[in-house]
Amino acid sequence: MATAPQLVTSLATMNRDVSAWVESVAKLTLPNLVYWCDGSPAEFQALQRELIAAKELLPLNPQSFPGCVLSRSNPSDVARVEHLTYVCTRNKEDAGPNNHWIDPAQAHAQMDALFAGCMKGRTLYVVPYCMGPIDSPFSRCGVEITDSAYVVLNMQLMTRMGRTALERITLDGKFVRGLHSTGDLDPKRRFIMHFPEELSIKSFGSGYGGNALLGKKCHALRIASWQARTEGWLAEHMLIVGIENPEGEIHYLACAFPSACGKTNLAMLIPPASYQGWKVWTVGDDIAWLHPGKDGRLYAINPESGYFGVVPGTNAKTNRNAYNMIRHDTIFTNVGLTADNQPWWEGLTEGTPVTDWQGRPYDPVNGPAAHANSRFTVAATQNPSYSKLADAPGGVPISAIIFGGRRRTLAPLVYQARNWLHGVLVGAGVASETTAAATDAIGVVRRDPMAMKPFAGYNFGDYWSHWIDVGAKLKSPPQIFHVNWFRQNAAGKFLWPGFGENMRVLRWVIDRCKGTGKARETAIGHLPNSTDLDLQGLDIAPGALDELLAVSPKLWRDEFAGIEKYLSEFGGRVPQALKAELENALARVHSSQA
Ligand code: OXD
Ligand code: MN
């Protein structure tokens, strides 16, 4: 482990609550050194140099990837661990069947036993951070204590971190306490525990992104969703993107897709060649905090300041913005290497891997060169499509919410919910084939309401009620849609080209929000006719669009029966209004012939 740069003492006396907590944690974990992070570029550089000297980071080719480094995680620690992630509420029902639960007292005892003495010989880093623009009333702060310098570097890119955050914590008088240690990386001693009633998190035994960068999934989704319910807003697993038309009008969309379904790609999409004068502006690629505004619209901020994106598949054709963005000052985790020390991953069209993500000579019999869940961490400001409003304290007004999933069959390319309540049902019914972002089986369809299955910090029944309540506060609520970029034909070929061409679907979405887009009404909602989508210059197989826009009543009857069964798991916590909406949806699909 690297030794830390010089101790910054001034921060240690800035906030008594934080200092007292740090002291008590140090007493438990027994570190060699306590280091308060100030978030300065000099600090980042010093820590990075130390990790390079300690061979924990490898510098990449300084000509082609200046400022870039490679981290190789322990091979048993490459993804989120949902089966080891808990929400510890006093009442089990409050965590709901959607979360693993342990009694908070027992959870604390179990975690504190793991933390006891775990930082001997290590440095304890104190990482004050702010989720959201530093001057936004919607932002919320936290402090992560960690013994991983890799985590510190990532937190510096992903959050507003250091001195300014600590100043804001002192003004707020409140912060989320996140305690993290990589421990000995033994998967048997790995747990991620959340205590929403106490606004605290304890994470032990993993150094990987979502388990260890506590500002991200643990705070900005699990704890924040709880905070949001008590305070009247929504914390969601959504990208935020602005689409500007040639007349200069911008519509902001918030899109919820399960992990590794292309949120980062959609957030920085490059429109097709025929879309002259259209621009895309990224506000966020993973998380949105949504607040009802005084004007009756819904406003969104991105609580993060960086991207922790999936690397494989990124190339100049699929996502030129991301491809350019990660060519400098980027932390790569678990990618392969070329002979001249450039990062390499599957989907890259140039270069040849000689070393795989575990540092072994590359041999295809061992699997891919880059792990399927290998990641880049990069500051959002490096994104060529970074929105000027990404730092706006009041956020951006949302015209549409778009849910989506990875479905080979059933879900059409796009459809629009009839109203907010129907949209909540569409969101609650989201299902998707699982990906490598978590350590479970891949490719299995599972229910993932609002793409929040791994991230909602409380009972989904209460969560849907809260969604309905937030909608009731909005005079001009966003329109709600569902998309599926992943539909396949009988031969298993994707029917829709995806990536930049998704712009055509977003255009229809925006036209619908403006009241100009045409649609047909079906049993599941409003769908475009093939002539209602802009297909100019699109090369698509004959008949593909008809298949993409088909609604099979038989399959949807089964789907709604599945949703009904799923909702019933939440018993009395499911809002009556949602049950009634489901009954209506079922009745519509039963009486539908087409
Ligand atoms: C992520 C995820 O890392 O959803 O964003 O797993
Ligand atoms: Mn995510």
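Trainee: Leaving aside the neighbours within four places in sequence, which residues is threonine 85 in contact with?

Mentor: A contact list shows which parts of a chain come together around one residue; in this predicted model, once the neighbours within four places in sequence are set aside, threonine 85 is in contact with His100, Ile192, His194 and Arg222.

Trainee: Where is the place of threonine 85 among the strands, and is threonine 85 buried or exposed?

Mentor: Threonine 85 belongs to strand S4, which covers residues 85-87. Because the relative accessible area of threonine 85 is 9%, and buried means under 20%, this residue counts as buried.

Trainee: What lies 2.7 Å from a polar atom of the side chain of threonine 85?

Mentor: For a buried polar side chain it helps to look for a partner, and here the backbone oxygen of valine 81 is found 2.7 Å from a polar atom of the threonine 85 side chain.

Trainee: Turning to the metal, which residues coordinate the manganese ion (ligand 2)?

Mentor: A metal site is read from its donor atoms and then from their places along the chain. The manganese ion (ligand 2) is coordinated by NZ of Lys217, NE2 of His237 and OD of Asp286, at 2.1 to 2.2 Å, and along the chain these donors follow the spacing K-x19-H-x48-D. Lysine 217, in helix H8 (residues 215-231), and aspartate 286, in the loop between strand S14 (279-284) and strand S15 (288-292), are 69 residues apart, and the pair links distant parts of the chain. Both lysine 217 and aspartate 286 are buried.

Trainee: How much space lies in the largest pocket, and which residues are the closest to its centre?

Mentor: A pocket can be described by its volume, its lining and the classes of its residues. The largest pocket holds about 1000 Å³ of space, and of the 48 residues that line this pocket, Ala260, Cys261, Gly262, Asn265 and Arg406 are the closest to its centre. The elements giving two or more residues to the lining are H8, helix H9 (263-267), strand S17 (306-310) and strand S22 (375-379), with the largest share, four residues, coming from H9. By class, the lining of the largest pocket divides into 20 nonpolar, 18 polar and ten charged residues.

Trainee: What volume does the second largest pocket have, and how does its lining divide by class?

Mentor: The second largest pocket has a volume of about 300 Å³. Of the 18 residues in its lining, Glu56, Ser71, Arg72, Ser148 and Tyr150 are the closest to the centre, while the classes come to seven nonpolar, seven polar and four charged residues.

Key
Residues numbered from 1 in each chain as written. Chains lettered and ligands numbered in written order. Predicted model: local features only at pLDDT ≥ 70, side-chain atom pairs only at ≥ 80, totals over all residues. Heavy atoms only, no water. Buried < 20%, exposed > 50% of the residue type's maximum accessible area, 1.4 Å probe, protein only. Polar contact = N/O pair within 3.5 Å; in protein donor to acceptor, adjacent residues only side chain to side chain. Contact = heavy atoms within 4.5 Å. Donors = N, O, S within 2.8 Å, 3.2 Å for Na, K, Ca; no water. 1 Å grid on protein atoms, 1.4 Å probe; cavity = no way out; pocket = protein on both sides within 12 Å on 5 of 7 lines; lining within 4 Å. Points joined across faces, edges and corners; volume = space filled by probe spheres on them. Nonpolar A, V, L, I, M, F, W, Y, C, P; charged D, E, K, R; others polar.
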